[in-house]
Amino acid sequence: MDLVFFKIALVLYLGASIAYLIFLLLSSEGRAPLGFWLAIAGFAAHSLSILHRAIFSGYWPLAGPFDVLSVFAWMVMGIFFLLLYKVPSPILGSMAAPIASVLMLYGATWSYQIREPLVPVLKSFWLPIHVILAIAGNSIFALTAIGGCMYMLQEKLIKSKRIGRFHRLLPSLETLDKINRHGLPFGFFLLTLGIITGALWAGSVWGSYWSWDPKETWSLITWFAYAAMVHQRVVLGWRGKKAAMLAIFGFGLVMFTFVGVSALLGGHHAFEPQTGMMKPGM
Amino acid sequence: MEILVVGLNHSTAPVSIRERITFPGNESGDVARLMTLVEGVEEAIILSTCNRGEVIAMTGEPEGTAENIASTIAHLHNLEPDAIREFLYFKNGPDAVRHVFRVASSLDSMVLGEPQILGQVKEGYRRAARAGATGPILNRLLHRAFFTAKRVRSETGVGKAAVSVAYAAVKLAKKILGDLRDKRILLIGAGEMAELSARHLNTQLEEPIVVVNRSYENACTLARSLCGKAMPMEHMETGLVGADVVITSTGSCEPIITRNYFKKVMRQRRSRPIFIIDIALPRDVEPEVNDIDGVYLYNIDDLQGVVEENLGGRREEAGRAENIVAEEVIKFIEWTRTLDVAPTIVALKEKLEKIREGELSRLNGKLSSLGPEEREAVEIITRSIINKIAHDPIVFLKKVGSLSKTRFYLDTAQRLFKLGGAQDETSNGVEEPYHE
């Protein structure tokens with residue numbers, strides 16, 4: 001199978017990452033548009049790649065880690081562009097583009113073959129609903145964490161009175177806090193839906209909604225962590241630095257649940273090393 | 001002939017003096033007209049903004065005229081000349097021209113590069129021109145000033161980022177609080193510096209400023225002038241809880257805001273971020289307050305540091321702007337030199353001679369059939385024609401040298417014949433007094 005679009009997208013994302021990195025190091029506004037256009041081109045190629053995978057497999061291209069990571073990266077970039085529309089700060093790209101690149105590189109270490117026939121579990125209509133909701137939630141958390149990192153940096157610069165170029169490149173604290181304020185509850189909402197649809201899917205194929213599989217357990221832990229954060233944020237009025245730290249910590253947990261659990265703990269969400277296919281059952 | 005500038009601005013005079021020198025009654029340029037009646041003054045323009053008040057004048061005899069202008073400024077405002085003498089600057093010749101160009105280009109503003117000043121200069125000129133207080137020299141000077149300002153704005157980055165403490169404070173406030181429109185300012189103490197910063201911030205806000213002061217009466221006065229509200233000192237805590245930007249400038253010897261006190265305030269604020277600007281000396285706010293989460297405390301030195309940082313890139317721009325001004329000053333001074341009787345006559349003669357030679361060489365083909373004698377005759381005839389034409393204007397110009405409106409006639413003559421300096425200007429060579 002041809003991965004030409006995937007490869008083009010990856011190269012463009014890496015190019016965008018480098019352009020954004022140069023932009024950061026030199027603080028030269030002139031470099032930012034280059035990164036942006038590379039990222040846009042990468043996103044276009046990436047969209048074609050996903051479309052191509054969908055047509056090729058004749059189904060939602062979400063069955064293996066290669067595709068899931070690819071869609072994850074695609075969503076991170078997509079939300080980044082949406083966010084860029086609201087917060088016109090090129091510095092966001094210097095974090096989104098590398099994250100997308102890393103996700104795709106990690107995906108590329110897995111086999112992109114789709115073993116035919118697909119196990120029946122994966123032929124369910126729950127697959128796209130569950131996976132897309134879960135990944136969308138993760139992408140939101142990723143960008144919220146990026147916003148958190150930028151908040152911590154900007155806050156440190158302002159507190160220590162280092163008002164230089166870097167300070168000017170970063171968005172205002174208020175804007176960054178707004179990303180957090182909207183990102184946490186929205187991501188939490190998607191995560192909740194992801195878990196519920198997962199349970200419904202499990203219920204429809206295995207007859208049991210919840211089986212304490214490691215991924216499920218960690219998802220629940222993540223869910224509780226975010227529930228606590230949203231509570232702190234909305235009810236106790238936590239904001240600023242504390243909220244930013246929570247977002248970063250939360251995303252660490254998300255990434256562990258998403259990548260670490262499958263790799264370390266196994267379970268029915270885990271992928272078989274040889275084929276990269278989901279294990280068929282419990 | 002000389003250009004004079006007499007006046008005061010934010011760097012030479014304190015607010016208490018500046019706010020008195022406002023040239024009342026100049027709405028239709030009458031005061032500018034009055035200035036032209038001062039002994040020695042031929043043309044005058046009055047420039048009055050909240051940061052400066054000055055008279056730009058053209059004089060035939062520089063001796064003593066500046067002094068006369070200074071006394072007139074004082075008398076206009078019911079002041080003794082000696083009371084304002086020390087705050088005035090006197091500029092003449094190229095210095096005065098440079099000053100006018102720098103003012104119009106916003107290089108002399110308190111907020112470097114701020115855009116309003118050009119409009120204010122234009123307004124001052126328009127009033128004077130309407131009242132007939134300006135003549136060819138100041139018309140030319142001001143048009144060159146507008147041209148210089150336009151060049152500075154389009155060719156340098158000076159206008160892009162105004163640099164000053166107040167401006168830096170506003171920018172910083174935006175980086176912390178985002179959009180300032182719905183944010184609230186609290187002024188603690190009614191000092192002059194605090195008022196200045198507050199005025200600058202006030203342009204960004206829709207909420208009224210709250211003023212707290214030990215003397216409630218002073219608080220009310222300041223609040224009224226800022227269109228804000230006053231609160232007695234006992235309600236400072238309420239003010240601190242409600243505010244987003246706080247400017248303190250009390251004369252207190254002890255800090256009035258301590259770390260423990262402000263921790264309590266922050267709890268009531270539910271950690272809403274707050275930007276505190278402490279411009280008092282000794283400080284009103286304990287430096288440790290900056291360690292509290294969500295509090296961003298800057299004192300005047302910190303802000304000065306920010307300005308320096310901003311200046312880094314702008315200094316170069318300002319330098320380039322100064323070069324443009326210097327260039328334009330030289331051009332203007334060169335033009336004023338041509339505006340004298342002798343150079344005008346020379347230029348007129350040269351122009352006619354050039355026309356004569358040009359026409360002769362154009363007809364060279366047709367004249368080739370003529371013998372040397374006949375050619376000689378043609379030369380003589382043409383030369384005598386131009387001499388006859390030039391005779392009356394030259395006699396007139398020589399007589400003009402002793403008239404009071406010398407410059408006007410010289411300028412008119414130069415325009416009529418499109419001589420020298422009049423040529424590089426507008427396409428038809430005619431400058432109307434400024435209208436907009």
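In this predicted model, B:D179 has a relative accessible area of 41% and is therefore partly exposed. Its salt-bridge partner is B:R181, with the closest N and O atoms 2.8 Å apart. At a relative accessible area of 45%, B:R181 is partly exposed too. A useful contrast is offered by B:R52 and B:E54, which also form a salt bridge, here with 3.5 Å between the closest N and O atoms. Both of these residues, B:R52 and B:E54, are buried.

A further salt bridge brings together the side chains of B:E327 and B:R151, at 3.0 Å from N to O. This pair ties distant parts of the chain to one another, since B:E327 belongs to helix 13 of chain B and B:R151 to helix 7 (residues 136-155) of chain B, 176 residues apart. The two partners can be told apart by their accessibility. B:R151 has a relative accessible area of 15%, which is under the 20% limit, so this arginine counts as buried. B:E327, in turn, is partly exposed because its relative accessibility is 40%, a value between the limits of 20% and 50%. Neither residue stands alone: salt bridges with shared partners join B:R144, B:R151, B:E155, B:E327, B:E328 and B:K331 into one network. Over all chains, the structure holds 26 salt bridges.

It helps to set these pairs against the chain that carries them. Chain B has 17 helices and 10 strands, and 50% of its 436 residues count as buried. Among the contacts in chain B with a separation of 6 or more, 70% are between residues 24 or more positions apart. The area that chain B exposes is about 21,100 Å², with 52% of it supplied by carbon and sulfur atoms.

Attention now turns to the meeting of the two chains. Here 23 residues of chain B are in contact with 21 residues of chain A. The size of an interface is often given as the accessible area lost when the parts come together. For chain B and chain A, the buried area is about 1,700 Å², and carbon and sulfur atoms give 47% of that area. One salt bridge is counted between the two chains. The side chains involved are those of B:D302 and A:K161, at 3.4 Å from N to O. Polar contacts across the interface of chain B and chain A come to 11 residue pairs, with both residues at pLDDT 80 or more.

Which elements of chain B supply at least two residues each to the side that touches chain A? They are helix 8 (165-177), strand 10 (295-299) and helix 13 (300-338). Helix 8 of chain B gives the most to this side, namely five residues. By residue class, the side of chain B that touches chain A holds 10 nonpolar, five polar and eight charged residues.

On the chain A side, A:S172 gives a closer look at the interface. This serine sits in the loop between helix 6 (165-169) and helix 7 (173-206) of chain A. Its relative accessible area is 9%, so A:S172 is buried. With neighbours within four places in sequence left aside, A:S172 is in contact with B:K174, B:K175 and B:G178.

Conventions. Residues numbered from 1 in each chain as written. Chains lettered and ligands numbered in written order. Heavy atoms only, no water. Contact = heavy atoms within 4.5 Å. Buried area = accessible area lost by both parts, 1.4 Å probe. Salt bridge = Lys/Arg side-chain N within 4 Å of Asp/Glu carboxyl O. Polar contact = N/O pair within 3.5 Å; in protein donor to acceptor, adjacent residues only side chain to side chain. Helix = DSSP H or I, 4+ residues; strand = E, 2+ residues; numbered from the N terminus. Nonpolar A, V, L, I, M, F, W, Y, C, P; charged D, E, K, R; others polar. Buried < 20%, exposed > 50% of the residue type's maximum accessible area, 1.4 Å probe, protein only. Areas by Shrake-Rupley, 256 points an atom, 1.4 Å probe, with all protein chains shown as cover.
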